[in-house]
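Biologist: I would like to talk through how the labels on this structure are earned. Could you bring it up for us?

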Amino acid sequence: MLPLTVGKALKSKRDSEEFHPDSRAQLMYEVREVSRRCASQRVERLVDKRDYSISELDQKLLQDGYSATVRSQVVGRAQECGLVSDDRYAAAFIRSKLASGWGTLKIEHELRRHGIELQQVHGWPESFLEEESEDDRAYQVASTRRLSDKNGFEKLVRYLTSRGFTMSCAMRVARRVVDERSEG
């Protein structure tokens, strides 16, 4: 089965009389070449909009219907050219999510979903986590939350753990925030 864009490109070539294969081998060669070209164009269009991990690009091409051979060639070439880089993608992703108040557990989970192991990211954690500790970052996130009179501690712990902070960190920070607000 061919991706729709490949079929349209082949039809267009046939209609313009550029495509007259004499043998099955010639037909298969032309299909492979058009598939590679269409897949490359798809990757370029995707990367023009935002950065992607290698795994994400491969998944997009798979969803479009490209064969494993075409996908590996096109994604491999995009990697060689520097069009895609898991390190660059991970660095931008980590900085963005840390700025949004995410904890390291959630960042690690999301990167793994994108096909990247956090331990393989160049410079992790020294280059990304400044001198502040996980507790300090959790405190910054938690101190902006409004606490209700009922179950404020529990709600804050749930909120912090949902943001990717460890349970022990969430409990320490929630206790600190609740104690500060009850004193003030």
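Modeller: Happily! One definition to start: a helix crossing is left-handed if the near helix is turned anticlockwise from the far one by less than a right angle, and right-handed if clockwise. Keep in mind that this is a predicted model.

Biologist: Which hand does the crossing of α5 and α6 have?

Modeller: The crossing of α5 and α6 is right-handed. Helix α5 covers residues 86-99 and helix α6 residues 104-113; they pack at about 145°, with axes 11 Å apart. On the α5 side the contact includes Tyr89, Phe93 and Lys97, and α6 brings Ile107, Glu110 and Leu111. Sorted by class, there are 7 nonpolar, no polar and 2 charged residues in this contact.

Biologist: Why is Leu160 called buried?

Modeller: Buried means under 20% relative accessible area. Leu160 has 0% relative accessibility, so Leu160 counts as buried. This residue sits in helix α8 (residues 152-162), and its contacts beyond four places in sequence include Ala138, Phe165 and Val173. The C-alpha atoms of Leu160 and Val173 are 8.8 Å apart, although 13 residues separate them along the chain.

Biologist: What makes Cys81 exposed and Cys169 buried?

Modeller: Exposed means over 50%, and Cys81 has a relative accessible area of 51%, so Cys81 is exposed. Cys169, at 1%, is buried because the cut-off is under 20%.

Biologist: Why does Cys81 form no disulfide?

Modeller: A disulfide needs two cysteine sulfur atoms within 2.5 Å. The closest cysteine sulfur to that of Cys81 belongs to Cys38, 18 Å away, so the distance is too far for a bond. Searching the whole structure gives 0 disulfides.

Definitions and conventions. Residues numbered from 1 in each chain as written. Predicted model: local features only at pLDDT ≥ 70, side-chain atom pairs only at ≥ 80, totals over all residues. Heavy atoms only, no water. Buried < 20%, exposed > 50% of the residue type's maximum accessible area, 1.4 Å probe, protein only. Helix = DSSP H or I, 4+ residues; strand = E, 2+ residues; numbered from the N terminus. Contact = heavy atoms within 4.5 Å. Axes fitted to C-alpha atoms, helices over the stretch in contact; angles between N-to-C directions. Nonpolar A, V, L, I, M, F, W, Y, C, P; charged D, E, K, R; others polar.
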